[in-house]
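Open the model in your viewer and keep the selection panel handy. We will go from one selection to the next and see what is there.

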Amino acid sequence: MIKFGKGIVRCRIPILILSLLLLVPSVIGYLGTRINYDILSYLPDDIETMKGQDILLEQFGTGAFSVAVVQGMDNKGAAALKMEMEQLDHVKSVLWYDTLADLSLPMEILPDDVQKELKNEEKNAMLMIVMMDTSMSADETLETVENIRGLTKQQCLLSGMSAIVTDIKKICNSEAIMYVVIASLLSVLVLSLTMDSFLIPLFFMLSIGMAIVYNLGTNFIAGEISFITQALAAVLQLAVTMDYSIFLWHSYQEYQQKYPGDKKRAMAHAISSTVSSVVGSSITTVAGFLAMCFMTFTLGLDLGIVMAKGVVFGVAGCVTILPSMILTFDRAIEKTRHRTLLPDLGRIGHFVTKKYVVFLVLFLIILGPAYYGYTHNQVYYDLAGTLPDDLESVMANTKLEEDFDMGATHVILADSGLDAKKARAMLKDLKQVDGVKLALGIDSILGPAVPQEMFPDSIKEILDNGTYQMIFVLSEYKTASDEVNAQCDEIKRIIRTYDASAMLIGEAPCTQDLITITDKDFKTVSAVSIVLIFLIIAVVLKSISLPVILVTVIEFAIFINMGIPSYTGTVLPFIASIVIGTIQLGATVDYAILMTNKYKKARYQGEGKQDAVSYALNSSLQSVFVSALSFFAATFGVGLYSSIDMISALCVLLARGAIISLLVVAFILPAMFMVFDRLICKTSVGFLNKENKVKAESAVL
């Protein structure tokens with residue numbers, strides 16, 4: 001590796017020039033990468049709800065649909081609004097009273113429940129069902145939502161997933177840049193206080209920033225990434241790869257003392273040392289992210305690949321771009337040198353090793369409640385419920401609930417050839433289901449007194465294409481609630497009694513599938529991440545016992561972090577329970593590996609158990625503290641700033657997880673070393689050389 005280090009030092013100027021040139025295609029790739037704001041689109045394609053949505057789009061030419069709340073308008077104004085909507089691109093049709101006006105039938109012929117549920121005379125509000133010819137989260141759909149909103153001044157509020165996705169897009173576009181700015185500024189602040197130069201943190205930011213741009217630019221290959229990945233990728237990459245830069249800088253300073261006056265030689269050795277140390281520890285981080293690729297819910301694949309790729313770019317930038325910058329701007333860095341403001345933390349090793357029994361007892365006392373909290377968290381799946389109240393989609397949902405006592409809207413796809421008598425019987429059974437406000441299909445609109453032949457073809461095509469008939473079910477229950485999930489189960493049971501091939505689709509059924517799938521994914525990802533990281537640690541440290549100890553310690557930190565919300569009554573986004581554990585394990589197990597390597601070195605050199613553990617803690621705590629603090633800074637500020645709770649909660653959990661992992665590694669891991677030292681030495685390679693092994697065995701005898 002020393003040849004590699006010398007090559008980087010020799011080619012530092014060409015490396016800087018090339019790194020700058022590579023930013024151009026990376027930025028172009030980033031701008032050309034589509035952002036997907038619809039979480040439900042990451043459900044597997046082979047489940048019934050997703051197949052049903054494809055049928056709806058392919059067979060009916062209807063992808064997205066939305067229930068619009070029209071308020072403060074008379075019938076004439078509403079009819080004019082409906083006409084304007086239908087003239088917009090990608091609006092296929094709008095279902096309302098006016099849909100039947102051309103029939104020259106009196107409105108009274110409509111069933112009472114249809115009239116009652118679609119209009120609230122007291123609140124002067126009415127409902128329209130807007131159907132579009134593009135999919136739920138297509139760019140054209142989101143543009144159409146905005147165009148419909150532009151027709152009135154909040155007199156027409158659109159509910160549904162497409163409206164929610166549109167609002168999320170607006171928030172992300174306005175906040176995404178600030179996420180990076182906040183994370184960078186707070187990281188620079190922490191590094192300025194903990195490093196010995198005011199300028200070196202800026203070079204850390206520049207090199208990591210370039211790696212982030214390369215990572216985001218190469219996402220163009222996949223075509224699109226989720227909004228969660230876009231929001232978190234830069235922040236997480238900054239947080240998890242910062243310690244590589246810190247390691248390089250500290251190593252460079254050490255070699256400068258070894259080779260005084262020869263900074264190029266010192267940097268070549270620092271690069272060599274960094275590659276040897278960082279590659280091993282970064283593999284665990286990559287493995288943690290890749291574990292998310294095993295999720296059936298493919299948002300994990302999206303985030304996992306982007307972040308694993310980001311770590312690789314981060315390591316590459318750390319050993320090429322950063323050294324080139326440091327050597328090129330050496331004079332400026334030297335002029336900004338200052339005394340480290342962080343107090344010396346390298347003196348607590350003796351205290352921790354002397355009181356290790358106390359920390360071991362604390363571990364045993366906390367473990368039970370932490371695990372209980374970890375396994376009893378409450379999570380939410382309703383994305384709209386955590387968005388700001390002043391968003392139009394949230395206001396629409398509130399209006400639906402207040403004026404019409406309505407929550408979710410389902411769509412049933414049934415056989416078009418279903419006998420009219422059976423169809424009416426099915427609709428009657430559906431209306432008896434708890435929470436069903438209205439089942440709106442051809443047979444419910446006509447009523448038994450009007451034959452289907454009197455129904456105009458232009459209207460019939462909206463709800464029946466000759467193969468399938470479409471029935472809208474208006475529910476009073478909210479999406480993702482236990483009540484609506486039970487309702488969906490009952491509706492499926494009823495419709496399949498009359499038509500075995502009938503399907504229930506919509507936001508609530510999709511969310512029900514999401515709950516089932518992600519519950520399984522949580523167990524899968526946890527198991528895969530633990531196994532992968534266990535095997536990597538076993539190979540890197542050449543030990544059987546150390547992987548068990550290190551994974552146990554970091555899992556303990558994860559239990560505490562994810563258990564706290566259970567006791568504070570905080571409801572977490574569903575994705576947090578899946579990804580936080582694997583990210584925290586992969587990113588912070590590096591702290592434990594660093595200390596273990598120090599402990600291993602001291603034992604090999606003949607130090608006694610207590611002295612070796614004390615040395616390991618003293619010599620590694622400063623670096624671990626700076627790394628954890630910069631991780632905390634990069635994520636905590638974003639958590640406080642973001643108005644999207646899913647992003648905010650993830651960042652707060654990651655920030656808290658970094659600090660908890662720091663404390664656990666500083667106090668619990670040394671206690672584990674003290675207790676299991678003999679087992680570690682017997683089951684690990686490189687802890688005792690031949691001479692020290694004889695001494696140790698003699699001491700035992």
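Start with the largest nonpolar core of this predicted model. That core has 166 residues, and F227, F297 and L550 are the ones with the most contacts inside it. Now select residues 645-683, which form helix α25. This helix gives the most to the core, contributing 20 residues.

Next, centre the view on F227 and show what surrounds it. Leaving aside residues up to four places away in sequence, F227 touches I35, N36, Y37, I39, I168, C172, I644 and I647. For a second stop, colour A78, W96, A163 and L463: they are among the 50 residues of another, separate core.

A78 also leads us to helix α5, so select residues 75-86. How far apart are its end C-alpha atoms? They are 16 Å apart, which agrees with the 16 Å that 12 residues should span at 1.5 Å a residue. Within α5, the buried residues are A78, A79, L81, K82 and M85. Turn the view until you look down the axis of α5: its buried residues fall within an arc of 160 degrees, so they line one face of the helix. On the face turned away from that buried side, you will find K76 and M83, both exposed. To see what covers the buried residues, add β2 (65-71), β3 (91-95), β5 (125-132), α7 (139-149) and β6 (156-158), which are included in the cover.

Now move to the sheet. Four strands make up an open sheet in the order β10-β11-β9-β12, and their pairing is antiparallel. Which strands stand at the edges? They are β10 (436-440) and β12 (503-506); each has a single partner strand, so one side of each is left without a neighbour in the sheet. From one strand to the next, the twist averages 25 degrees.

Zoom in on β9 (residues 409-415) and β12, an antiparallel pair joined over four bridges. To inspect one bridge, pick I412 and its partner L504 in β12.

Finally, add the two helices that pack on the sheet. Helix α17 (residues 420-431) touches β9, β10 and β11 (468-475), and its direction makes about 160 degrees with that of β10. Helix α21 (residues 507-541) touches β9 and β12. The direction of α21 makes about 95 degrees with that of β12.

Key
Residues are numbered from 1 along each chain as its sequence is written. This is a predicted model: local features need pLDDT of at least 70, side-chain atom pairs count only at pLDDT 80 or more; totals for chains, interfaces and linings use all residues. Side-chain values use heavy atoms; hydrogens and water are left out. A nonpolar core is a set of buried Ala, Val, Leu, Ile, Met, Phe, Trp, Tyr and Cys residues joined through side-chain atoms within 4.5 Å. Buried means under 20% relative accessible area, exposed over 50%, partly exposed in between (1.4 Å probe, protein chains only). Contact means heavy atoms within 4.5 Å. The expected span of a helix is 1.5 Å times one less than its number of residues. The arc is that of the directions from the helix axis to the C-beta atoms. Two strands pair if DSSP finds at least two bridges between them. Axes are lines fitted to C-alpha atoms, for helices over the stretch in contact, and angles run from 0 to 180 degrees between N-to-C directions.
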